[in-house]
Structures are given as structure tokens and as C-alpha cells.
There are 2 protein chains.
Amino acid sequence: MPDPADLARQFAEMLGPRGWIAGEDAAPWQRDWLDRHGVPPLGVARPGSTAEVTAVVRACRAAGVAVVPQGGNTGLCAAAVAARPGAVILSLARMAGIGPPDPASGSIEVGAGVVLAALHQALDGTGLMFPLHLGAEGSAQIGGLIGTNAGGSHAFRFGMMGDLLLGVEVVLPDGSIWNGLRAVQKDNAGYQLRRLFAGAEGTLGIVTRAVLGLFPAPRQRATAFLALPDLAAAVALGTRLRAEAGEFLTGLEFFSDLGLGLALKHLPGLSYPLATRGGAYVLVEVASGSDLVPLDDILAGVLEWGMGQGLVLDGALAASEAQRAGFWRLREEQPEGQRLDGPQLKHDIAVPPGRIAEFVARAAPLCQGLLPGVRINPFGHLGDGNIHYNLSPPEGAGGFAGTDAALGLELARLATAMGGSFAAEHGLGRTKIALADALRPPEERRLMRALKQALDPDGVLNPGVLVEG
Amino acid sequence: MPDPADLARQFAEMLGPRGWIAGEDAAPWQRDWLDRHGVPPLGVARPGSTAEVTAVVRACRAAGVAVVPQGGNTGLCAAAVAARPGAVILSLARMAGIGPPDPASGSIEVGAGVVLAALHQALDGTGLMFPLHLGAEGSAQIGGLIGTNAGGSHAFRFGMMGDLLLGVEVVLPDGSIWNGLRAVQKDNAGYQLRRLFAGAEGTLGIVTRAVLGLFPAPRQRATAFLALPDLAAAVALGTRLRAEAGEFLTGLEFFSDLGLGLALKHLPGLSYPLATRGGAYVLVEVASGSDLVPLDDILAGVLEWGMGQGLVLDGALAASEAQRAGFWRLREEQPEGQRLDGPQLKHDIAVPPGRIAEFVARAAPLCQGLLPGVRINPFGHLGDGNIHYNLSPPEGAGGFAGTDAALGLELARLATAMGGSFAAEHGLGRTKIALADALRPPEERRLMRALKQALDPDGVLNPGVLVEG
């Protein structure tokens, strides 16, 4: 087995100064976004081509060195940093080509290192859009979004990252390249491999390029911000919106009054647009490709119905792009408001959308029982039942008094019992493997271990992520 | 290893007369729908519960007997019948329970034996719909639809079967049960197993129950039947329809003048609704959940534009449910019209939707070169590029003069070169493995064999399907 120093020299020579970064210079890649995980790697490989990715994977495999793929490093489950010293972090950031969009077929080929916001920008004015949106889109890269099967705010309407993936090129653990860069939705020529690599968190292969599905960009849009008495009202309103305006819905987000308060307290630029506060807030966005659709009327009709039913206390329709951006910022700054308030625990729950309020109602006493006074701040995606059930310590307390794991387990157990998931859109990474082992049927975990063993028998790719290393 | 006769006695006792069918009585399950494949099985097991499925799989595994799962037996690639004598055909037809639909969450739990049309019927009047539609829906069962990752006419808008699958229960090759019956879209707790079993053609596990996603049923609908000069016009019109009416499109189908002629000739009940014939025909259907949408105006606007551009020669909007059914029947009888005309070759191609006309234009000389006078009848799904590129022999000829395999290979090669698939929605089954081995990268086929080996090392489930047995 070669000396790690030899491997580093080999990479420095092969990849050049832009392609191999070691020592202190590797610090920016070392820690995860929450700054909780990550030890110094042997170095950071930044290949500029699929052939270079292959060479890196082959050399690491031969040397018995772990390869840890990293996209924008915005993940919350520590899947993109090393747990043990001496690994090679593989950044695809230099493979950031964006092909021409194909309007007649609705697709585009991109490199794994393309930042999501850059893709959105490249599509501006083309009449096409890529309908994946999430808070981290200014940093998150296509490869990481595929690896985590990212969700976000538009998933309930357009699907998750795996649903938007038509084709993919993957460097496999033995360094060979699978070219699955097809550009069709329907491809049943065998197992749905592209769907397997989506969400595999870099443990089965390194995604290097992808063909993504595009949608026509809408020509009109309407956005409303609503105050509601409680989450149960939000769920009822969401059901009505899906039935009457489902084909137009592009956003259906919720957050709590606690979360609103934290955001307003810590982010001075924010303002609250209504006269009345509520027990829950909903952001609704609808859009249409046709100028003939009376979008405002359709939205207003559902909202009037909601007011008549007592489901909506107050609301405003965005009258300008600036106002719309302000509504969205209220929602998108929920994590930041809570982060600035001090320590927090993040939980990425999904339950059937009709049971969101029930989950929150049942979870509260569990949490209060473990840590009286804990501040509960659920927010997220009304359309798909994805609740970011985040906690802050009791007012004045500096932490969670050692209840972190117990809180996480209770919430995960409740979500599971309700037909949901404790790892909705963030994945397992390194931090949620124990939950999966505890709460998922043994057959499921056995299947996952069998897949890992079959495709990466030597454990070269991202060992310790998704399944035990 | 037990005597097969012992196994048959054991099943007869365990499953009872409704649950075990052997000898001549098993004939209805023996042959595939095209009556080209299938040898006599040991018998047909018709378990009534997941526990009975487990018992059948365990006993077959112990006896070294192959298990061949069969749904409605409407597949076109011989995946649901036995290639070697002595297999046990496993029919899930008795596991046909339909749970109550959940309108607030948009989901429903069903048994694998539920016939698709029965599910549609059960949802009638509930305000919900399951948006999978295909010609065989009167026979096709949920389990088979999952196994083949079925597509159909609504897939371009709502997704394929795997996209509509929230949760699944699977009996694994060792007889253990994986309960993945969750009811959420977002579940990133590890590899996307549900997506792996969708399209696995029963080679990795037996799907016994599923949780499916439902959508609000529309409140209004408009259907148009159009004659166009050629397929290129159809593609251009399709692009425009997606851009201006994409959120309403529920059907976007095409067929050829040859196909229309065959259907009108062989199916006396059919009538042609327009004054003018064309080079290609398109059926457009739009629907909305809102009564406020001027659906007719939106559709008419695009069609008027199409007429102005010379893309549409003639057209009619359905003025009644009977007329609408007549339009759809013209499309749906395309396979039957050709079947009644004599021998045929079916090819299930997908290309990027913008390249449909190009594919058809490039394929014609290839086919004519191999068999001069061969009659080409492409029809299918304009929205996703899925072309059922079916052939009839030259006028007066009784067959394809031994060019069958060469025709299939040329067409598959062209689809592959154009970024498409030669097995779009029908799967590989037994009949297209050779094509996959010839045309897909070796890494892809190696990955598939590795998955099969990992999950079904003894080759108990559907051996010889999807990968070589």
C-alpha cells in the first residue's frame, strides 16, 4: 500500500495547483456547514474532468484511502466531510459547465459542480426553468443535490431532485465510468439506476454530469402571505388550495409565530406585512404559463373561502416583486433567525401532509416532557408534510441539558409511527444512521447494506455515510 | 431438495383450491398476452395474504423452484410467464383490497392485485384521482404496474408508476417482508429502495401492497382531436402546448395516418370526426381543478396559433362525453387495428420529445432498407417522446422475411444514439435482454447484475428476466 505522502505528491502533480489543495489551505473544505463534524483530510482533489475523477478514485482505491465527495457543503448530516483523518475530499466545483437548454425536449446537461442558483440564472430569459428551490441554492451544487436527493419548497409540485433527473454520468467505486446521460423520462431498460444514485449520498458512485428536466417558465405569478389561527387551519387551507389551485401552486410554506418572532428579533431588515399576528403563517405562491388564467381571482377565491371558514385571520397579496421577495424572506430566514438566537436542534421530519398539525400537537408534550420550556419552532413545506421541527433551549437556558438524543429519538419515533420519515430531505449522512438502525425495519437496513456491499465492496466511497463503514 | 410433486401437494394444502391451481386449469396463466412465450408451470399460487406469499417464496426457494410473479399479464416483454418448466407462477389477484383514500394527504393503500381500472372506479366521486392511464388498465394490476414502472398517457405530466409510489411492502427473495409502507413523498432515510423495486420486474422482490399518491380530480376538461400535416408539426405544437397550457395538459397523444387507416378498416365502430385527413393526428386533453380557468379559450388559443402557423390542418373540440370517448378510442385502438391486420413488430422507443419527428424520419430509411415496403405505424406519447414504433409487413406479405431482429436492433441503436431508450415503458422482460446487452454500456449491465446478485443470490425470483438467469 503506497505511502499517503506519495499519494498526495501524485495528486499534486496530476491535478496541478488548482486541482490539489492540502495542508492549511484545505481548511475551507474540512468542516461541515454546522461546524460540528470533519477532521483534516489528506487533501482536497478538485478534478476538472471525468477522467481526472476516475484517476483520483482509482488511486485512492489502490492506496486504501477513503474518497469523500463534497458539493456546496451545505448538508446538515455531515455526509460531505471526513470522519477519519487521511481521506481525500473530492470537490466537483470545477466541473461546472452548463449546456444549452433544449426547449423542445425540456432538458439540459450540466456538470456536477454547477451551483443551483447559477443554473437558475443561466435559464433566466430562456422561457424555461428548473423547479428546484431551497435555502442553500446559492452554494448547493448539482452533484450534492443529486447525492442527497434534495427536496425544497417546490418538490410537492415538481418532485425531488431524483424526480428531475433524466440522465447521469457516474464514476463508480472501481473508477470505471457509467455513462447514463440519456435525456428521456421513460427508460425502463432495467433497474432504475439513476434513481438509485439519487439519494445515495456519494456512497455508491461519484456523480460527474447530469441531464435535468426543465419546465416552461411561468408568465404570471401571485404570492400571498397569510396569518392563521393555528397549524390545523393551515392544513385545511392547504387541502383546499391543492384541490382548487393545485395545478398552479409553486409554493406552500408554513412557519410558526415563535419562528417569526425570532426572525424579526435577529434580522433587522425584516418586516412583518400584516396588522394581525397569528398562530401560524402560510406563504402561498401560484404561477401559470398562460396569461388567460385569472390567477389572482383563483387565489383570492380560496383565501376568501378560508376567511369565511375562520381559517385565515389576515393576509396580503404581493403587489410588487419587492413585496414578494419580502414574503419569501420571512420564510427563508426562519433557520437563520433561530441560529442567531443560540443553540438549536434541527429535525427533518415528514408526515402525510394531512397530519402535520397532528404531529406538531402530539410532539409538543413529548418534547416538554423531556425538557420543560423547550421552544418549538416547526416550519417547512405544507404541500408534502415536510416539517423542520427545530428546537431552541428554554428561555434563558444555554443548551438542551443532555436531552438532544432523546428528543431526536422521540420525534423520529412519532414520525415513523405516523407513516412518515425522520430523514425527509436532508438524508442520513453520518448523523442519522443510528436513528435508521433503531427505527427502520431490519430488512430495510439489510437491503441497504447489501447494496453498498454489492457496488462498493471495499468501502472506498464515503465510508461511514448512510450505512456503517 | 424436495420432489416438485411434494411441493405442489404442500401448496394445494396450504393455499386451498382457490389458492393453488395446477394442470390444465393453470392454462390461463401460462402464456403471455401476445401468446408468444410461456411453458407450463408447476402451478399457479394465488395467495390471499402477505404471509402466504412469504410461505410460497420460502418453500420455492428451499425446493430450488423459480417464482414468476404475474399481475394482469398484459406485459409485452414476457416477464410474467415461465421460460422453463416447473416454475411457480405467483398471482397476486386475490390481494385486491383498496383502502380508504386520504384526501388531506393525497394517498391510498392498495393490494398488489388491484386492477388499475378498479382503482379508478373506487375513486370516482371522491374528488381524487390516480393519474396513471394506459390501454391495458382493465386488466393490469398494481403489482405489475410497479414491477414494470408503467408509463402510459399521463406520465409526462404526473410521472410513471415509480413516481406515484409513496410506500411499498415487498416479500424479499428469502421470504422476509420489507414493510416500507410509508405515506410521504420525502423520505431520504437511505437508498431510495421504493424506486429500486419499481421497474425491477419482480426480480428483486414481490410487491404485495403499496401506498400510492393521489391528485385532486379536475372539475372541468376539454379534449381536441387534430389533423396535422406531419409529425414535425405535432412536435412544434406540443412544445407550444407545454409552454402555454402545460399545467393543464393531461393528454398529448399522436398517431399516424397509416394507423388511422388500419383502425378504421378493422374496427367498424370507429368513425373519423374531421373532414380532412392529415399526415399525423394529435389528441390533446386539458383539465383543471378550478372552474375559473377559461380552459376552452386557452386550448383554442393555442390551436388557432397552430392553424395560423400551418401546423394544424383541421380539428374538433369534443362537445360531449361521447365525442371525447370517440377521440380517445381512435388513439387507443391503434394497437388493436394493427393487430387485426396481421403480423406485427412492436418497438417501445423513447427519444427526447423534441426529436420525435427526427427519429421517425431517420428510422424510415433504415427500415425500408432492411425490408422494402414495410409499413411503419408510429404512435404514442408526444409529451415524453415515447414512440410505439410498430411495423406491419409490406402490403400482401405474410411476415417480415426474417428481418425482425435486425429491424429491432437498428431502431434500438438509433434511439440510443439520440439520447433515448429502446425500452421506454414496457421494460426488458425476457425479450429485450439481448438488446440491453448489445447497446447499453457494460458498466450499466454490470451494475444490474450486481444488484440482482446482491438481493437474490440464488436466482429464485423471476430468473432470466431483466438480467440473464
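**The contact between chains A and B in a predicted model**

Colleague: How much area is buried between chain A and chain B, and what percentage of this area do carbon and sulfur atoms give?

Modeller: The model is a predicted one, and the area was computed from its two chains. Carbon and sulfur atoms give 59% of what is buried between chain A and chain B, and in chain A the residues that lose the most area to chain B are Lys186(A), Asn188(A) and Tyr191(A), together 15% of what that side buries. The buried area itself is about 6800 Å², with carbon and sulfur at 59%.

Colleague: How many residue pairs are in polar contact between chain A and chain B, and which element gives the most residues to the side of chain A that touches chain B?

Modeller: With both residues at pLDDT 80 or more, 50 residue pairs are in polar contact between the two chains. Several elements of chain A each supply at least two residues of the side that touches chain B, among them α8 (231-245), β13 (280-288), α10 (295-308) and α16 (442-455). With 10 residues, the element that gives the most is α16(A).

Colleague: How many salt bridges are counted between chain A and chain B?

Modeller: The side chains of Arg219(A) and Glu244(B) meet at 3.0 Å, N to O, and because a salt bridge needs the nitrogen and the carboxyl oxygen within 4 Å, this pair qualifies as a salt bridge. The count between chain A and chain B is 12 salt bridges.

Colleague: Is the aromatic pair of Phe158(B) and Phe215(B) stacked or edge-to-face?

Modeller: A search of the whole structure finds 21 aromatic pairs over all chains. In the pair of Phe158(B) and Phe215(B) the centres lie 4.9 Å apart with 75° between the planes, and the pair links distant parts of the chain, helix α6 and strand β10 of chain B, 57 residues apart. Because planes over 60 degrees apart count as edge-to-face, the pair is edge-to-face.

Key:
Residues numbered from 1 in each chain as written. Chains lettered and ligands numbered in written order. Predicted model: local features only at pLDDT ≥ 70, side-chain atom pairs only at ≥ 80, totals over all residues. Heavy atoms only, no water. Buried area = accessible area lost by both parts, 1.4 Å probe. Polar contact = N/O pair within 3.5 Å; in protein donor to acceptor, adjacent residues only side chain to side chain. Helix = DSSP H or I, 4+ residues; strand = E, 2+ residues; numbered from the N terminus. Phe/Tyr/Trp six-rings, centres within 6.5 Å; stacked < 30°, edge-to-face > 60°.
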